[in-house]
Amino acid sequence: MIDPRLLRDDPDRVRAAQAKRGLSADVVDTALAADRARRDAIAAFEARRAEQKAAGKDVAKAQGEEKQALLAKVKDLAAEVKRLESALAEAEQAWDDAIKAIPNVAADEAPAGGEDDFVVLEHVGKPRDFEAEGFAPRDHVELGRLLGAIDLERGAKVSGSRFYFLTGVGAQLELALVNMAMDQARAAGFTQVIAPSLVKPRAMDGTGFLGQAADDVYRIEGEDLYLVGTSEVPMAAYHSDEILDAASLPLRYAAFSPCFRKEAGSHGKDTKGIIRVHWFDKVEMFVYTTVEESYAEHERLLGWEKEFLDKLELAYRVIDVAAGDLGLSAQRKFDCEAWIPTQGRYRELTSTSNCTEFQSRRLDIRTRVDGQTAPVATLNGTLTAITRAIVAILETHQQADGSVRVPKALQPYLGGLEVLTPIGSIGG
RNA sequence: GGAGGCGUCGCCUAGUCCGGUCUAUGGCGCCCGCCUGCUAAGCGGGUUUGGGGCUACAACCCCAUCGAGGGUUCAAAUCCCUCCGCCUCCGCCA
């Protein structure tokens, strides 16, 4: 949720922010009206309530007939207070709905426009030239089958489309990636976390995933629980309703969790392989810090993402995501997109967002600044999303015979294995 | 899943049976001041959070806040209901 004071004091700035995302500014006027109505309702209720409290004290002191007379008078007052209180509750709800419908105000630096209006910030590494090497690259589906690493057929049999089993070196690769990510994070001072992947509505809503993104979220039937699409959700809610010691900031966590996504509205996209799946595992960085520090921290998160991709020896580019593609919570977002040889294009492997105060206002996460409480900033960044990392590794480092070279940094995590070699199919 | 106990403004705690004197007690911690070669002790004061009014975003006034939400009542920390969490025991289980 955005700062209500910004909405009141500078609504034009919020209107402009809506336009930058390609959204209507109607919500701004709705929210302003709701704010006025709410404050009027508060004033009306509190005035009567104060009267009632004062009258109640007289009742307590009075005796006999005098008391009976006072009682009759005060009963009417009580009824009115009750009426004003429920009117107030309605006005609060309307205000809450209105303010929460407004996405975070995008950073000035974020490009205007939608999904295709991103700006490329840099290219790192060069895509491999398979033509020059004299062989046609296999896609990760074929490589996964040759290596006995990815079993899509049985994934579909057991769980349906967009599911898979990682087997043999595939399973080893996941554990290696997770361990390498966790080691890097720990070395950088992060606290390692294994986070729950089922959360209550508060956590989901607080992180902004029950808005436009709600269609993509799995809900547990008969329970008030959701499956998270990222451990950003449990990690943001981790410190909800807390006032964090300013000296403890930044609080840096690296959380492992499975991630579940319905992928509603992506029918026909990435139907092959494990690029787009309903479930994958991920190591996510999550940081609580001050708003002032958040911009520099965002750059650091990007730095750690790049460090990880560099260790995997991948070619990638970094993009500055356009305002319209930021989602509800983010103020700015950088995606790292790795070159996928058989697709001939860059695909998102990691992503880091600065959500400034947007999530912390919803989740009541504050710190103390000069004796006053102030919302903290929350940031998140992918260290590694297993499935896409595997796709990029297999396709990028494959060799003509179907084997795959293991990046040097990853070798220690695979027991020193330097090459993944084809083994044929499992179980015939 | 069953039985019982508990949940008070950083921590501990009084209050709950019997509704109004609770503007929530006391201690610890912390902050400010006094005193003081220094420190400690002592003395005095302050110390939940959110919101509204008025404003300089101060001071001040007001409202809410005793796990959460309802209810009863003129009036609820206190009585009733539902839910949540923690603890103990039983059952089940990785």
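Two residues are in contact when heavy atoms of one lie within 4.5 Å of heavy atoms of the other. Keep that in mind for what follows. The model on the screen is a predicted one.

I'll start with K262. Leaving aside neighbours within four places in sequence, K262 is in contact with D215, D216, V217, Y218 and H278. K262 sits in the loop between β9, residues 251-260, and β10, residues 279-289. Is K262 buried or exposed? Neither: its relative accessibility is 36%, so K262 counts as partly exposed.

Why pick this residue? K262 is among the residues that UniProt, in an unreviewed entry, lists under "binding site". That list also includes H278 and W279.

W279 lies in strand β10. With a relative accessible area of 22%, W279 is partly exposed, because buried means under 20%. Again leaving aside neighbours within four places, W279 is in contact with R162, F163, Y164, P258, C259 and F260. F260 comes from strand β9, which covers residues 251-260.

Now the chain as a whole. Chain A has 13 helices and 18 strands. Its C-alpha atoms fill a box of roughly 105 × 45 × 45 Å along the principal axes. Of the 428 residues, 50% are buried. Take the contacts between residues at least 6 apart in sequence: 73% of them join residues at least 24 apart. The chain exposes about 20100 Å², and carbon and sulfur atoms supply 50% of that.

Next, charges. There are 53 positive and 68 negative side chains in chain A, and the centres of the two sets lie 3 Å apart. How many salt bridges does a search of the whole structure find? It finds 35. I'll show three.

One joins R38 and D35, at 3.0 Å from N to O. These two are three residues apart in helix α3, so about one helical turn separates them. Both are buried.

Another joins K282 and E284, at 2.6 Å from N to O. K282 is buried at 5% relative accessible area, and E284 is buried at 2%.

The last of my three joins E313 and R405, at 3.1 Å from N to O. This pair links distant parts of the chain, 92 residues apart: E313 is in the loop between α11 and β11, and R405 is in strand β17. E313 is partly exposed at 33% relative accessibility, and R405 is partly exposed at 32%. Elsewhere, salt bridges with shared partners join R8, D35, R38, R39 and E92 into one network.

That's what I have.

Terms used:
Residues are numbered from 1 along each chain as its sequence is written. Chains are lettered from A and ligands numbered from 1 in the order in which they are written. This is a predicted model: local features need pLDDT of at least 70, side-chain atom pairs count only at pLDDT 80 or more; totals for chains, interfaces and linings use all residues. Side-chain values use heavy atoms; hydrogens and water are left out. UniProt positions are given in the numbering used here, feature names are shortened, and annotations may be inferred rather than shown by experiment. Helices (H or I, at least four residues) and strands (E, at least two) are DSSP runs, numbered from the N terminus. Buried means under 20% relative accessible area, exposed over 50%, partly exposed in between (1.4 Å probe, protein chains only). Accessible areas come from the Shrake-Rupley method with a 1.4 Å probe; for residues, only the protein chains shown count as cover. Lys and Arg count as positive and Asp and Glu as negative; His and the chain ends are not counted. The place of a charge is taken as NZ of Lys, CZ of Arg, CG of Asp or CD of Glu. A salt bridge is a side-chain nitrogen of Lys or Arg within 4 Å of a carboxyl oxygen of Asp or Glu.
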